[in-house]
Amino acid sequence: MMLRFTKMHGLGNDFMVIDLITQRARLTPELIQRWADRRFGIGFDQLLTVEPPRGPEMDFRYRIYNADGGEVENCGNGARCFARFVVDQQLTRKREIRVETAAGPLTLTLADDGRVRVDMGQPRFEPERIPLKATQVATAYEFELNGQPITLDALSMGNPHAVIDVENVDTAPVATMGPAIEAHPRFPHRVNVGFLEVTDRHRARLRVFERGVGETLACGTGACAAVVSGIRRGLLDTPVDITLPGGALTIEWAGEHNGAPAAVIMTGPAERVFEGRIEL
Ligand SMILES: N[C@@H](CCC[C@H](N)C(=O)O)C(=O)O
């Protein structure tokens with residue numbers, strides 16, 4: 001049986017997108033790993049599936065799998081590509097789309113300039129919701145890594161993120177520190193690791209070592225987590241233009257009011273690359 005798919009990307013964070021409304025497929029971690037391979041497969045950071053919603057208040061269900069085959073809760077660049085995909089494939093005529101994810105509902109809006117605006121929901125700081133082994137909420141957690149002390153912030157955007165401040169992202173130790181923190185025993189579900197350089201109060205640069213993938217050209221939830229962390233620690237003010245190796249996103253966050261964090265808004269591009277069919 002042949003399965004239709006679309007290759008897409010958001011700032012170079014690339015996806016295989018499969019319509020599971022008009023087609024059927026049983027996905028296994030082994031199959032996803034094989035397809036994700038950039039030499040022997042299609043090549044992607046994440047696989048996204050478009051599925052029928054399970055409740056009447058949602059338009060679609062959106063599921064996300066990392067290149068290592070593991071299903072994850074959230075993907076910001078994927079959410080924008082999801083919105084572009086369902087409109088281009090004429091699966092909806094709406095311009096404001098409600099989708100169900102493993103992290104909760106998301107609202108995706110197609111703007112007139114072709115960019116997609118996503119209400120990414122509330123960030124969460126409680127250690128048990130990240131999850132992170134820590135006794136209380138903080139913005140600076142002390143870690144030991146290969147015998148060296150390091151300080152990082154941690155929060156959840158539906159998926160877990162660590163944020164480390166660096167002077168210059170170009171020389172940040174992403175390839176060495178990224179995998180060591182991703183697999184640190186204090187993050188029982190592993191973690192995405194962002195290296196944040198604050199340029200001024202409304203601009204920042206970021207590189208992300210993604211859980212289950214490695215360093216990617218961009219990470220939408222990582223950008224949201226880094227901006228929220230920067231605003232919470234008094235380093236940044238909303239809105240923030242954050243530049244990743246693959247391009248820039250605009251992130252807005254109105255902070256916390258009466259102990260409740262505001263939702264994070266992410267705006268950026270979503271591109272279709274090609275369509276294909278693969279033997280299942
Ligand atoms: N690329 C994504 C995040 C994908 C999931 C992440 N690797 C995880 O394991 O949580 C984004 O744009 O947010």
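Visitor: Is Glu 100 buried or exposed?
Guide: Glu 100 is buried, at 12% relative accessible area. Keep in mind that this is a predicted model.

Visitor: Which residue does Glu 100 form a salt bridge with?
Guide: Its partner is Arg 54. The closest N and O atoms are 2.6 Å apart. Glu 100 sits in strand β6, residues 96-101, while Arg 54 is in the loop between β3 and β4. That puts the two 46 residues apart.

Visitor: And Arg 54, buried or exposed?
Guide: Arg 54 counts as exposed, with 62% relative accessibility.

Visitor: Which residues are linked with these two in a network of salt bridges?
Guide: The network links Glu 100 and Arg 54 with Glu 51, Arg 61, Arg 63 and Glu 71. Within it, Arg 63 and Glu 51 meet at 3.8 Å, N to O. Arg 63 lies in strand β4 and Glu 51 in strand β3, so this pair ties together parts 12 residues apart in sequence. Glu 51 is buried, at 11%.

Visitor: How many salt bridges does the structure hold?
Guide: It holds 24. One of them joins Asp 68 and Arg 190, at 3.2 Å. Those two lie in loops, and the pair ties together parts 122 residues apart in sequence. Asp 68 is partly exposed, at 28%. Arg 190 is partly exposed too, at 32%.

Visitor: New topic. How many disulfides?
Guide: Zero.

Visitor: Why is Cys 81 without a bond to Cys 75?
Guide: Their sulfurs are 8.0 Å apart, too far for a bond. Cys 75 has the closest cysteine sulfur to that of Cys 81. Cys 224 is in no disulfide either, with the nearest cysteine sulfur, in Cys 219, 8.6 Å away.

Visitor: Is Cys 224 buried or exposed?
Guide: Buried, at 0% relative accessibility. Cys 81 is also buried, at 0%.

Definitions and conventions. Residues numbered from 1 in each chain as written. Predicted model: local features only at pLDDT ≥ 70, side-chain atom pairs only at ≥ 80, totals over all residues. Heavy atoms only, no water. Disulfide = S-S within 2.5 Å. Buried < 20%, exposed > 50% of the residue type's maximum accessible area, 1.4 Å probe, protein only. Salt bridge = Lys/Arg side-chain N within 4 Å of Asp/Glu carboxyl O. Helix = DSSP H or I, 4+ residues; strand = E, 2+ residues; numbered from the N terminus.
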